Amino acid sequence: MSTTTLPDDPQLRERFTELKPPLTPQAATIEANRCLYCFDAPCTVACPTHIDVPGFIKRIASGNLRGSAMRILDANILGGSCSRACPVDILCEGACVMHKQGRHPIRIGQLQRHAIDAFHDAGGDVQTAPRGSRHVRVACIGAGPASLACAAELCRQGAKATVVERRALPGGLNTYGVAEYKLRAAESLREIEMIRRMGVEFRFGAGIESAEDLKELESEFDFIFLGLGLGAMQQLNIPGEESEGVMNALELIAGYKTGRIRELAGTVVVVGAGNTAIDAANAARRLGAETVYLLYRRGERDIPAFESEYEHSKVEGVQFLWRRQPMAIRADAHGVLLLDTVQVREVDKELVPIPDSKLTIACHLVVPAIGQSPITDLMRDFCRIEVRDGQIVIDHATGQTGNPRYFAGGDCTNGGREVVDAVADGKRSALAMLKIAEAMYV
Amino acid sequence: MSDIRVRGFAGSINSPNPFWLASAPPTNCGEQIMRAFDAGWGGAVWKTIGEPVTNVSSRYSATDWNGLRIMGFNNIELISDRSVEDNLREMAEVKKRYPHHAVIASLMVASNREAWHEIVMRSEDAGADGLELNFGCPHGMSERGMGSAVGQVPEYAEMITAWVKEKARTPVLVKLTPNITDIRTVARAAKRGGADGLSAINTINSITGIDLDTLVPRPNVDGKTSHGGYCGPAVKPIALNMVQQVMADPESALPLSGIGGIETWRDAAEFILLGCGTVQVCTAVMHYGYRIVEDMAEGLESWMRSKKFDRIEDFRGLSLNRVTDWKNLNLNYKIVARIDESKCIGCDLCHIACWDGAHQCIHLDRVTGPVNGHVELHPTPAQNEAHSRASITVTPVTRKERAAAGATHGPYMTPIDRIPRVDETECVGCNLCSLVCPVDQCITMVRVDSGVPAETWEERTHGLSCAVEPHRS
C-alpha cells in the first residue's frame with residue numbers, strides 16, 4: 001500500500017508559501033563553503049540525533065549530494081522534515097561557532113534540506129540489510145516520527161518492523177500538525193514513502209483500543225515500541241466550549257493541511273501561547289481571517305513559544321492580548337461567538353482576576369491551544385508500564401520501559417518536544433532492541 | 001601625499017603611477033587603453049603585436065575555489081588578431097592624447113633579424129615609450145617557434161634581444177616565461193643581449209580542470225583543449241619567488257616590471273618590496289574592470305604615507321635581503337603557539353590540524369578554568385560514560401532549558417573543554433595552527449628564549465661558529 005495520498009492543492013501552496021525557500025545549487029555551494037568544518041562540531045552535539053553536520057555540509061561543497069544525504073539519513077531518517085521543522089536557531093544553528101565571531105551561523109537547516117531534496121528528486125533509496133537477517137520483529141504503535149525512526153532503523157539493520165496507525169495517513173504531527181509553510185504534508189508523505197520502500201510495513205486504520213489488541217501484538221512481535229504521541233487537546237473548561245465555532249488548534253491545522261478547511265474570515269481568537277498556538281494563529285491569518293488575537297493568561301516574557309516563532313507571528317499580523325483569560329463562550333443570534341475574557345494578575349503564582357476588567361470579544365472562531373492531554377491509561381493498566389506526570393517512564397539511553405518488551409519514545413515520553421527528539425528516541429530504542437536480540441540469538 | 005609616480009623606469013619610461021595593464025585582452029585596442037588611462041592606470045603594455053592570428057572559441061577557463069570565482073585563470077588566446085597597421089595607428093592616437101602615460105609595445109614576430117628590426121622601428125615611430133619582447137607566451141605561438149619557444153632557450157633570447165637593441169631607441173624589456181627550470185638563465189641572457197629591463201612572470205603552463213560529465217578538459221574547443229597559460233591570484237606566490245630570484249642575482253637584475261596575480265595595492269607593494277619598479281595587472285581587470293586601479297593607487301599611497309615612504313624608490317627592494325638560503329636561517333630561533341582564550345570560538349581546527357597534520361601538541365583536554373600549559377585532572381572512562389548517559393541531547397523547549405543551553409562554563413565565551421591547550425614544550429613553532437585558525441589574532445606565535453645563541457646550518461656544518469659537532473657513537 002502506498003503511503004502518499006494527498007492531492008496537490010495550489011491554493012494551499014500559494015497561501016502557505018514557504019518561510020524558507022530552497023537554496024539554489026550555487027547558493028548552497030557558497031553557503032556550504034562558509035562552514036569552518038569544526039572538529040567535534042558543536043552543531044552535531046546540539047542535534048538530538050547527532051547528524052554529522054560538517055560532514056554533510058562538506059559533501060554539499062564538493063558536489064557529493066548523495067553522500068551528503070546519506071550522511072544525514074544515517075543519523076536521522078527524517079532528516080528531510082527535520083530540516084524544515086526543527087527550531088534550528090536553538091539547536092544546530094544556535095550552537096554554530098560563527099555566533100562567537102558575530103557572524104551569521106551556517107544555514108544548516110537549509111543546507112540539509114538541499115541535500116535531502118536532491119536525494120528525493122533523484123528517487124534515492126536507503127540501503128538496507130537483507131530483510132529478516134536480524135531475528136527481531138517489532139510493532140511500532142503510532143506512525144509519528146518516533147515510530148517511523150524506530151521502524152526505519154530496524155529495517156535498515158535487517159529486522160522486521162510494522163507500524164500500526166489508527167489514522168488514514170502516516171506521519172503523525174509531521175503530516176497533520178506542522179505548519180504548512182514549514183513542512184508540507186506532501187513532503188512528509190514523500191519521506192515516509194522512502195521509509196516504506198526500506199521495508200517498513202504499515203497497518204492503517206488500526207487503533208489499539210483494548211487489552212486484546214495489545215495481546216495480539218504481543219503474540220505477533222518480539223518488542224513493541226510506543227510512539228503514541230499525546231492525546232486530544234486539553235479543554236478550556238469554560239461554559240460554552242461545545243459551541244459550534246470552537247475548534248482546537250490541532251484540528252484547525254490538520255483541517256487546513258488536508259484540505260477540509262479552505263477559508264476563514266472575520267475574527268479568530270487563539271487561546272494559549274505555545275508553538276502550536278502560534279502555528280494556529282498564523283494559519284488563521286493565512287486562511288483569510290482579518291483579525292487574529294492570541295489570548296494568553298501571562299505576559300509576553302512568559303510565553304512558552306520559541307522566540308523565533310513569536311517574532312514570526314508578529315510579522316504574520318497576529319495581535320496579542322496579554323494577561324487575559326477566557327471565561328465563557330456565548331453565541332449571539334447571528335451565529336457570532338462572544339468570548340468573555342477577564343484581565344488577570346499574578347499573586348503568589350496564582351492568577352487572580354482583576355475586578356471590572358471583563359472584555360467580550362465578538363469572533364467567528366475560538367481556537368483552544370493550551371496543550372495536549374496524555375493518553376497512557378491503557379498502557380499503564382495493561383502493560384505494567386510506569387507513567388509519571390502523564391509521561392511514560394523510560395530509560396533514556398535505551399527507550400526501554402519498566403516492561404522489558406515495551407519501549408517508548410517521542411511525545412508520550414517527554415510531554416511534547418520536537419520532531420528531532422522523537423527521531424532520536426526511536427533510533428535509540430531500535431538500537432537497544434537489536435542489541436538485546438543479538439544477545440538472545442547468538 | 002606620497003609620490004607614486006614612476007620616473008625613468010628602465011632608463012626613460014615615466015608614468016603617473018606604477019600600475020600598468022599587462023599585455024592581454026584589456027589592452028587589445030586604443031579605445032580600451034584610453035578608457036583605462038581615464039580610470040587611472042599609469043601605463044599599458046599593448047596586446048602583443050605581430051602577424052595577426054586566428055583565435056579559437058572558447059579561450060578561457062578558471063579554477064574556482066570554495067565557491068568563489070577565479071582563484072586562477074587560464075587562457076589559450078594568442079597574440080593580437082588585429083593588423084599591425086591598426087594597432088600602431090591607434091597607438092599613435094593614444095600617445096597623442098595621453099603623452100604622460102606609458103605605452104609599451106609588446107612585440108612578437110618570426111625569429112629573423114629583419115622582421116624584428118622592422119617591427120621595432122614601426123612601433124617606435126608610432127610613439128611607443130618602450131618595447132616588451134614577448135618571449136613568454138606558453139601556448140600556440142610557441143608551437144610556431146615564438147613566445148616561450150624563444151624564452152626557454154637562453155641563446156635565442158640573447159640573440160633576439162641583441163637584434164632588437166641594434167635598432168631600438170626606447171627601453172627594451174624582455175618578458176620572461178616561468179615555464180623553465182631556472183628563470184635566471186633567460187634573465188641573464190636578456191641582460192647579456194643588452195635588455196634595459198625585464199617583465200616577469202608570463203603565464204604558467206596549465207590545464208585548469210576537466211568537466212566530469214563530458215570528460216573534456218577546459219576550455220573546451222569542440223571536444224578538445226590545449227594547455228593554456230595560468231595566471232590570477234593563485235600564481236602570485238610563484239611570481240614573487242621568481243621576481244626575488246631575478247632581482248637577487250647580480251647577473252640577472254635589471255629594472256623589473258612585476259606580473260603575476262596582482263589584484264590589490266597590497267600585492268603591488270609586495271612586488272615592489274622585492275625590487276619591481278612597476279607592476280602589471282591583467283586577470284583582476286578581466287574579472288572586475290579597469291575601476292580596480294582607483295583603490296590600488298589610493299591604497300598604495302596611503303600605506304606609503306603611513307610607513308613614511310615619500311617615493312616608490314624609498315621602499316623598492318627593501319624585502320629583497322630578507323630572503324636568503326635556508327642554510328643561513330637561525331636554527332635557534334624558537335616560537336610557540338599561544339591561544340587567546342577570550343577570542344577562541346571553539347572550532348578546534350587548530351587541534352585537528354596539529355594532531356593530524358603537524359606535531360601532536362595541541363590538546364583538547366581542558367576541564368577547568370584558566371590554565372596555560374599544565375595538564376589537568378580528568379574524569380575516568382566510567383565517569384565519562386555516566387556523564388554521557390545522563391546528558392542525552394534534547395531540544396531545549398522550556399525557557400529554563402534554553403537559558404541553560406546558551407550558558408558556557410568557565411570565564412570565556414567558549415566552554416573551557418572546547419578551548420585547546422598548547423603543549424609548549426612539544427610545539428615546534430610551525431605556524432600551522434595560526435594559519436588554520438579562522439579568528440584574527442586568536443593564535444599568535446610568540447618568541448620564547450631558547451637560551452642559545454643564534455646559529456645557522458652553514459655555521460654548524462662548516463665550523464664558522466664555535467659549535468661542536470655532537471659526538472656520535
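Okay, one definition before we start: two strands count as paired if DSSP finds at least two bridges between them. Keep that in your pocket, and keep in mind too that what you're looking at is a predicted model.

Let's use that definition right away, on chain B. There's an open sheet of four strands there, in the order 5-6-12-11, and the pairing is antiparallel. Which strands stand at the edges? Those are strand 5, residues 60-65, and strand 11, residues 204-206; each has a single partner strand, so one side of each has no neighbour in the sheet. On average, neighbouring strands in this sheet are turned by 45° against each other, if you ignore direction.

Now zoom in on one pair in that sheet. Strand 6 of chain B, residues 68-75, and strand 12 of chain B, residues 228-231, run antiparallel and are joined by three bridges. If you want a spot to click on, try Asn74(B): across from it, in strand 12 of chain B, stands Tyr230(B).

Stepping back to the whole of chain B: we have 15 helices and 18 strands. The C-alpha trace spans about 90 × 65 × 50 Å along its principal axes. Of the 473 residues in chain B, 43% are buried. And if you take the contacts in chain B between residues at least 6 apart in sequence, 73% of them join residues at least 24 apart.

The domain assignment splits chain B into domain 1, 6-322, and domain 2, 326-457. Their C-alpha centres lie 46 Å apart.

One residue I'd like you to find in chain B is Phe309(B). It sits in the loop between helix 10 (292-306) and strand 15 (334-339) of chain B. So, is Phe309(B) buried or exposed? The cut-off for buried is 20 or more other C-beta atoms within 10 Å, and Phe309(B) has 21, so it counts as buried. Setting aside neighbours within four places in sequence, Phe309(B) is in contact with Ser2(B), Met304(B), Asp314(B) and Phe315(B). For a sense of distance, take Asn202(B), which is 107 residues from Phe309(B) along the chain: their C-alpha atoms are separated by 29 Å.

Right, over to chain A. Here the assignment gives three pieces to look for: domain 1 (10-121), domain 2 (137-166 + 205-231 + 373-441) and domain 3 (249-368). The centres of domain 2 and domain 3 of chain A, taken over C-alpha atoms, are 34 Å apart.

Let's start with strand 2 of chain A, residues 160-164. All five of its five residues are buried, so the strand is largely enclosed by the rest of the structure. Which way do they point? Lys160(A), Thr162(A) and Val164(A) go one way, while Ala161(A) and Val163(A) go the other. That fits a general pattern: in a regular strand, side chains alternate between the two faces of the sheet. Strand 2 of chain A runs parallel to strand 1 of chain A, residues 137-141, and five bridges join them. One of the pairings is Ile141(A) with Val164(A).

Next, the cores. The largest nonpolar core has 153 residues, and the ones with the most contacts inside it are Leu226(A), Val270(A), Ala280(A) and Val367(A). Helix 9 of chain A, residues 145-156, supplies the largest share, eight residues. A second, separate core has 96 residues, including Val45(B), Val94(B), Leu240(B) and Leu274(B).

Back in the largest core, Ala280(A) touches, apart from its sequence neighbours within four places, Ala249(A), Leu252(A), Ile253(A), Val270(A), Val367(A) and Ala369(A).

Several of those names come up again in helix 13 of chain A, residues 249-257, where the buried residues are Ala249(A), Leu250(A), Leu252(A), Ile253(A), Tyr256(A) and Lys257(A). They cover an arc of only 160° around the axis, which puts them on the same side of the helix. What do they pack against? The list is helix 10 (173-176), helix 11 (185-197), strand 5 (267-271), helix 14 (275-286) and strand 12 (365-368) of chain A. Just after helix 13 of chain A, look for Gly259(A), which takes a positive phi of about 90°.

Last stop, where the chains meet. There, 22 residues of chain B are in contact with 24 residues of chain A. On the chain B side, the elements giving two or more residues are helix 11 (349-357) and helix 13 (399-406). Helix 11 of chain B gives the most, with three residues.

How values were computed
Residues numbered from 1 in each chain as written. Chains lettered and ligands numbered in written order. Predicted model: local features only at pLDDT ≥ 70, side-chain atom pairs only at ≥ 80, totals over all residues. Domains from an automatic or database assignment. Axes fitted to C-alpha atoms, helices over the stretch in contact; angles between N-to-C directions. Core = buried A, V, L, I, M, F, W, Y, C linked by C-beta atoms within 7 Å. Buried ≥ 20, exposed ≤ 12 C-beta atoms within 10 Å, placed from the backbone. Contact = placed C-beta atoms within 7 Å. Arc of directions from axis to C-beta.
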